[in-house]
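Colleague: Could you take me closely through one part of this model, the loop that holds the cis proline, and then work outwards from there to whatever surrounds it?

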Amino acid sequence: MMTNTHQKPATSLKRCFMNVVCAILTGGAITGITVTGISATAWGQSAETTYRPVIKQVIEKAILPGYENLVEVAAQQGNDIEKLCLSPNEANLKYARDSFRSLVSAWSRVEMYRIGPAIKGNRQEKLFFWPDRKSIGLRQVRKLINTQDKTALTTETLQKKSVAVQGILALEYVLFGKNSDALSTTTPKSYRCEYGATIAQTIGATAKSIVNDWSSPSGYATQMLNPSSTSPIYRSDAEVMQDLLRISSEMIQSTRDLKIKNTIKDSPAKSKPKRAPFWRSNLTLHAYQNNLKAVEALFTVGGLGKLTPRYTKSLSFELEQTNKFLAKLEKENSPWEEQVKQKEAHELLTFTLIPLEGAQYIVSELIPQELGLSLGFNSLDGD
Amino acid sequence: MALSRRTFLSRIAASGVLATGQLPLASFAPGFAQAQTSSPHQAAYVSTLRQSDGQYAAAVIDHAGNLIFQEHLDDRGHATAITPNKKFAVVFARRPGRFALVLDLVNNQRHQAFSPSAGHHFYGHGFFSPDGKILYATENDYENERGIIGIYDTENNFARIGQHDSYGIGPHEAILLSDGITIAISNGGIVTHPDYPRQKLNLPSMEPQISYIDRRDGKLISQSKLPSEYTQLSLRHISAAKDHIWIGGQFEGDPGNSISLVATHCIGEEIKPVSKGQTYLGMKQYIGSVSTNANDTLVATSAPKGNKIAIWNSDTRELVKIITHQDAGGVAPNGKDFTISDGQGNLWQNNKAIYHNPEIAWDNHLSSVS
């Protein structure tokens, strides 16, 4: 019988179940998958009893710690760049660049929380202006560096500028872009270096604003934990759960379709590796792995998996399978833009599309069906 | 191939469109409109749908709620344009789709399919010239991030014969006003590109606005932007009621903001929000479609994410009532009232399902043929 859930074409469904079967065979712990849903209320519990403790755990164990970590890591990044600015040398440039790896990890772990405080004031774009199809951000960053615009050297004034010049990708260009090696040989307190330090501080300030908007007395956490018919955001616990599942699905879909598929294309020759984020710092694969770990963490650390343990095991299997491929490629330590052009690496990246399709199907279809949380056809993606 | 201004103007002139006044009611394109009226069931509604096997289709329904026929679509469809003589319908692909399917509503069959130019995709809406000879479609010239109104010759297998600028980004829906000349366009303001399917690429800098252009030469007649606090309200769907257009939007900003999602506009005036933000509570900051009833007295706006349909008085701009239907997106005039479609396979009239098929989900829009 047709429900109001999104149906996948038969081929996708078949492929997904092949992966699930594979998970059963290799994992051994999964006893079976059924599509027939058992809603949370059918367990004899109210939605409030079932969902609210999980929502609380998601906020307290996954979302807030993720942003608090980003605040801390951005501060460390700022300190490391300040050291470089005061004493430009190769060792300090290396420290600053190493810090950037931690910053990318921290960001990639919260990138999926594109709700509430991250949407307000375009904070998501301020932190991560991607995709930048026409290299608008790159041009603006270069212009600031070329003109040595002093108004980009304080957090307060930088925050008022274009979203493209104050985030992680702007900082990546400062630390890894054209002529960035000169940061180790330039005079102390060079414009480029000070601009980099200001970006790091601004990232920290934006992340701190997000934390505050989550945790203030009437903040987003309170909204999520107290849904009501008069709330402008959530009318029920079920709507909160739908949002958490939606952002999980979108992170997987974005990783698969926008970040991998759209980059590698059908063949090494047709691939466009520079469409991927973080190719300059060669942290593309590192970022992707953390994006997927964040999704898994929402179900494990965050506790969503308690509601649907069978599918959570399948989901973990698909995500870990993908990350094994990505980690194997990262260990090769080759530049991303060269790696994508190589036949073997391209094949491995192509393989990741299969478990990612399965993972997305589990999160967007199977789990909502089991929990009775399926979104309506016209509510899925407005137009 | 672009149509020269002289050729285009002469073709428009030959089509007998009045320079001012009301639409001609019985002026049909000779070739495109010569189908015979032999159907036992008169087509009343057209909509796209998704089947339980995940396939997409366009369906034609009669007044009693009987399915007359349906045609397979290669991908998800969106809205439908009906010829003034009610004999043909053109179903557009949902963005970033590139197909349009022409349905013969008299012989109940597929007529033909066509596509926009290379480098363009449809946004999913369009309309016919009053004589039915020309079809206009909202399109995205995506490499140049430019909104386009594509022009198609219905008498020449829907050959693309030209285009107008929409004077904005993301022209989602465009309608022809009652003078038969002025096109009202809702430029949603959001940059998208098929390389990043359905990704919104410019939310911090979006500038939604309403443009009015002359359909004969594409010249800009007037343009209106929203007040600064509404810059992230992407204007999407429009319908004309008397001397105003009614606009429904989707808000891309802070989800905690209580913001008016419906507005009205008349050339030469400011865009005016309808009712206070509190009225839209529970509508999830998203209006799915806008429609006017047959005598222009009522306007319906659907909010499928909030399971609500608001009915407004077109004169007083006051809320008449809110109807609740799960996942209801489509609204189409049904005399002085409306017919509503939903994602659970229902067509509703006066709270009664005239059609129910749980094996399908009706898509966002429902078009009335009569």
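Modeller: Pro131(A) sits in the loop that runs between helix H4 (123–127) and H5 of chain A, and the peptide bond leading into this proline from Trp130(A) is cis, with omega near 0 degrees. This is a predicted model, and the values that follow should be read in that light.

The helix that follows this loop is a good place to continue. Helix H5 (residues 136–147) of chain A packs with helix H7 (residues 168–176) of chain A at an angle of about 55 degrees, the two axes lying 10 Å apart. Because of that angle, H5(A) counts as oblique to H7(A), and the crossing of the two helices is right-handed. On the side of H5(A), the residues that take part are Gly137(A), Leu138(A) and Val141(A), and they meet Leu169(A), Ala170(A) and Tyr173(A) of H7(A). Sorted by class, this contact holds five nonpolar residues, one polar residue and no charged residues. Beyond H5, in the loop that leads to helix H6 (155–158) of chain A, one finds Gln148(A), a residue that is not a glycine and yet has a positive phi of about 50 degrees.

To place these elements in the chain, note that chain A is divided into domain 1 (10–31 + 236–379) and domain 2 (62–223). The C-alpha centres of the two domains of chain A are 26 Å apart, and the contact between them involves 22 residues of domain 1 and 19 residues of domain 2. On the domain 1 side of that contact, helix H10 (237–264) and helix H11 (284–299) of chain A each supply at least two residues, and H11(A) gives the largest share, nine residues. The residues on this side of domain 1 of chain A comprise 12 nonpolar, six polar and four charged ones.

Chain A also meets chain B, with 29 residues of chain A in contact with 40 residues of chain B. Within the side of chain A that touches chain B, the largest share comes from H10(A), which gives three residues; by class, that side has 11 nonpolar, 10 polar and eight charged residues.

Chain B offers a counterpart to the cis bond discussed at the start, since a cis peptide bond also joins Arg95(B) and Pro96(B), with omega about 0 degrees. Pro96(B) is likewise a loop residue, placed between strand E5 (88–93) and strand E6 (100–104) of chain B.

The strands of chain B can then be taken sheet by sheet. An open sheet of four strands, in the order E3-E2-E1-E28 (chain B), has antiparallel pairing. Its edges are strand E3 (67–73) and strand E28 (360–368) of chain B, each with a single partner strand, so one side of each is left without a neighbour in the sheet. The twist from one strand to the next averages 25 degrees. Inside this sheet, strand E1 (residues 43–51) and strand E2 (residues 56–62) of chain B run antiparallel and are joined by seven bridges, with Ile61(B) in E2(B) as the bridge partner of Tyr45(B).

Another open sheet of chain B has four strands in the order E20-E21-E22-E23, again with antiparallel pairing. Strand E20 (289–292) and strand E23 (319–324) of chain B are its edge strands, each of them pairing on one side only, and neighbouring strands are turned against each other by 20 degrees on average, direction ignored. Strand E21 (residues 298–303) and strand E22 (residues 308–313) of chain B pair in the antiparallel sense over six bridges, and there Ala300(B) stands opposite Ile311(B) in E22(B).

Finally, two hairpins of chain B share a strand. In one of them, strand E25 (residues 337–342) and strand E26 (residues 346–349) of chain B pair antiparallel over three bridges, Thr339(B) standing opposite Gln349(B) in E26(B); three residues lie between the strands, and Gly345(B) in the turn has a positive phi of about 85 degrees. In the other, E26(B) pairs antiparallel with strand E27 (residues 352–356) of chain B over four bridges, where His356(B) in E27(B) is the bridge partner of Asn346(B). Two residues lie between E26(B) and E27(B), and Asn350(B) in that turn has a positive phi of about 50 degrees.

Definitions and conventions: Residues are numbered from 1 along each chain as its sequence is written. Chains are lettered from A and ligands numbered from 1 in the order in which they are written. This is a predicted model: local features need pLDDT of at least 70, side-chain atom pairs count only at pLDDT 80 or more; totals for chains, interfaces and linings use all residues. Domain bounds come from an automatic or database domain assignment. Two residues are in contact if their C-beta atoms, placed from the backbone, lie within 7 Å. Ala, Val, Leu, Ile, Met, Phe, Trp, Tyr, Cys and Pro count as nonpolar, Asp, Glu, Lys and Arg as charged, and the others, Gly among them, as polar. Two strands pair if DSSP finds at least two bridges between them. Axes are lines fitted to C-alpha atoms, for helices over the stretch in contact, and angles run from 0 to 180 degrees between N-to-C directions. Angles under 35 degrees count as roughly parallel, over 145 as roughly antiparallel, 65 to 115 as roughly perpendicular and the rest as oblique. A crossing is left-handed if the near helix is turned anticlockwise from the far one by less than a right angle, and right-handed if clockwise.
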